[in-house]
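Here is a report on how neighbouring chains fit together in this assembly. Have the coordinates open as you read, and follow along chain by chain.

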Amino acid sequence: MASRCMKFVQDELSSVVGSTVLVKLRDGTTIRGTLKNYDQHMNLLLDDTEEIIDPKTSIKRGMVVIRGDTVLFVSPITT
Amino acid sequence: MASRCMKFVQDELSSVVGSTVLVKLRDGTTIRGTLKNYDQHMNLLLDDTEEIIDPKTSIKRGMVVIRGDTVLFVSPITT
Amino acid sequence: MASRCMKFVQDELSSVVGSTVLVKLRDGTTIRGTLKNYDQHMNLLLDDTEEIIDPKTSIKRGMVVIRGDTVLFVSPITT
Amino acid sequence: MASRCMKFVQDELSSVVGSTVLVKLRDGTTIRGTLKNYDQHMNLLLDDTEEIIDPKTSIKRGMVVIRGDTVLFVSPITT
Amino acid sequence: MASRCMKFVQDELSSVVGSTVLVKLRDGTTIRGTLKNYDQHMNLLLDDTEEIIDPKTSIKRGMVVIRGDTVLFVSPITT
Amino acid sequence: MASRCMKFVQDELSSVVGSTVLVKLRDGTTIRGTLKNYDQHMNLLLDDTEEIIDPKTSIKRGMVVIRGDTVLFVSPITT
Amino acid sequence: MASRCMKFVQDELSSVVGSTVLVKLRDGTTIRGTLKNYDQHMNLLLDDTEEIIDPKTSIKRGMVVIRGDTVLFVSPITT
């Protein structure tokens, strides 16, 4: 996936750096945390994360580097 | 998947920007929302989304950036 | 998958535009509808679709853009 | 997978055009039918097919275009 | 996977042409048969095969063309 | 995934060499150990590892070379 | 995955040729044996192998050629 092609994706991610996002991965893993960085492959750096096991259970993970090609979607959490 | 090859896909997506679409992902995740943007990899930006868990249950997700290579299909919802 | 290599696939798809086809996707999703368009990646545009859940249950989907690399097979339905 | 590299595969497929083959796909789908055409990606055109659900159950499918990168194996059926 | 890089794999496969091998595929399918041919993608041609369902059950398959990118491992059977 | 594109990922991994990290893989395998080395594909070398089966069970693995394209995420463990 | 990029992986594998390693594959298959050879794609040649079914059950496999892109991790077994 060439970098030049993901312009709008990068614009969206850029606009939510510093905010809380929810990321769902291909195997169903769901992680919530503060987006600190990203690149054109959708590799993501999140901090203060928790892996959400079910609506009532989560595991604190701290800093997490997520591999972009495992991402299903990224969703900013507005409060 | 070279960008020049997905002409009809882009035409279809272009014609439904601003409308409600249903997107099904490789892991079975189903998201309904307003299509705001897309690119030639089928990366999608949806707003006012809900993740549909089953016919009676959904989770509000707001803005969602969906990675194109996880998409099974996109279907405009006509009402 | 280079476009020049799928000559017979495109010929087959070309010959059934306007007809009803059944498409099975990698996750088991099965969709039946009228083939409206296709490209060399087997991206498909179907209309008047229904997603077949089991022999007795289906969900009306209308227009559907299917991502080619999720397709297992395409089968014209002759009646 | 470059076309020049699959010489023996193409020779084998070439020798069974017109014969009955059994094709198993990545998701476990098994299809039996007459091989009508193929290309260097192992895209296959089968006719008079049936999808084999279990040893006692099958579904008539007629013509089927199978995407090569979903194929596990192709086996000619000798009778 | 460039052909020049799989030198030792090809040497190993070359040394067992004509012998019985066991091949395990990504979906768990296990096939035992005589290795007749191979190429640099690990595409395999086996003859006199049986698909092993469980230690007590197998299905005769005859000739089988296996797509290399679905192979987990190939193991010569020494007797 | 071209090497030049994963700058921030490499910076993050570089900053935690010698520290304990938790790595989750695509099939759900979870490994905790000391990060000894990495490359631009997220291939990882961990030492003093344990594979975490569940919160109460783990298997000592010692040195482990992890293939980058199977990584979901890498998370430094701060204590 | 270009060969020049996996320098440390090759160094690690090089240092354990002749030793016993445990290899876990994408589908959960676990194989223990003596590493005889490898290449830059992590294709592996193991001898005197056993496929580990569960802590108490294993199947003797002898020589095994493992396709690199199915490898999750390789772990030398120190005794």
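## How the copies meet

Start with how the copies are related: chain C lands on chain B after a rotation of 52° with 0.0 Å of shift along the axis, and the RMSD of that superposition is 0.0 Å. Bear in mind that this is a predicted model. Chain A goes onto chain B in much the same style, by a rotation of 51° with 0.0 Å of shift along its axis, again with an RMSD of 0.0 Å. In general, two copies of a chain are related by a rotation about an axis and a shift along it.

So what does chain B meet on each side? Take chain C to begin with. Here 22 residues of chain C are in contact with 20 residues of chain B. The area buried between chain C and chain B is about 1900 Å², and carbon and sulfur atoms give 60% of it. On the polar side of things, the rule finds nine residue pairs in polar contact across the interface of chain C and chain B (both at pLDDT 80 or more). Which elements of chain C do the touching? Strand 2 (30-38), strand 3 (44-54) and strand 4 (57-66) of chain C each give two or more residues to the side that touches chain B. Strand 4 of chain C gives the most, with five residues. By type, the residues on that side of chain C divide into nine nonpolar, six polar and seven charged.

There is strand pairing here too. Strand 5 (residues 71-76) of chain B and strand 4 of chain C run antiparallel to each other, paired over two bridges. If you want a spot to zoom in on, look at Phe73(B), which stands opposite Ile66(C) in strand 4 of chain C.

Now swing round to chain A. In this case 20 residues of chain A are in contact with 22 residues of chain B. Chain A and chain B bury about 1900 Å² between them, with 60% of it on carbon and sulfur atoms. Across the interface of chain A and chain B, the rule again finds nine residue pairs in polar contact (both at pLDDT 80 or more). On the side of chain A that touches chain B, helix 1 (7-15), strand 1 (20-25) and strand 5 (71-76) of chain A each supply at least two residues. Strand 5 of chain A gives the most to that side, with six residues. The residues there divide into 13 nonpolar, three polar and four charged.

Strand 5 of chain A pairs with strand 4 (residues 57-66) of chain B, in the antiparallel sense and over two bridges. Within that strand of chain B, Val65(B) is the bridge partner of Val74(A).

Why do the copies meet through different surfaces? Only 14% of the interface residues of chain C are also interface residues in chain B, so the two copies use different surfaces to meet. The figure for chain A is 15%, so chain A and chain B also meet through different surfaces.

## Salt bridges

The count is two salt bridges between chain C and chain B, and two between chain A and chain B. One from each interface is shown here.

| Interface | Salt bridge | Closest N and O atoms |
|---|---|---|
| Chain C and chain B | Arg26(B) with Asp69(C) | 3.5 Å |
| Chain A and chain B | Arg26(A) with Asp69(B) | 3.6 Å |

Over all chains, the structure holds 42 salt bridges. Arg26(B) sits in the loop between strand 1 (20-25) and strand 2 (30-38) of chain B, while Asp69(C) sits in the loop between strand 4 and strand 5 (71-76) of chain C, so this pair joins two chains.

## Chains that stay apart

Some chains make no contact. Chain A and chain D do not touch, and their nearest C-alpha atoms are 17 Å apart. Chain C and chain F do not touch either, with their nearest C-alpha atoms 17 Å apart.

Conventions: Residues are numbered from 1 along each chain as its sequence is written. Chains are lettered from A and ligands numbered from 1 in the order in which they are written. This is a predicted model: local features need pLDDT of at least 70, side-chain atom pairs count only at pLDDT 80 or more; totals for chains, interfaces and linings use all residues. Side-chain values use heavy atoms; hydrogens and water are left out. Contact means heavy atoms within 4.5 Å. Buried area is the accessible area (1.4 Å probe) that two parts lose on being put together, summed over both. A salt bridge is a side-chain nitrogen of Lys or Arg within 4 Å of a carboxyl oxygen of Asp or Glu. A polar contact is a pair of N or O atoms within 3.5 Å; within protein, one must be able to donate a hydrogen and the other to accept it, and residues adjacent in sequence count only if both atoms are side-chain atoms. Helices (H or I, at least four residues) and strands (E, at least two) are DSSP runs, numbered from the N terminus. Ala, Val, Leu, Ile, Met, Phe, Trp, Tyr, Cys and Pro count as nonpolar, Asp, Glu, Lys and Arg as charged, and the others, Gly among them, as polar. Two strands pair if DSSP finds at least two bridges between them. Copies are superposed by least squares on the C-alpha atoms of residues with pLDDT of at least 70 in both.
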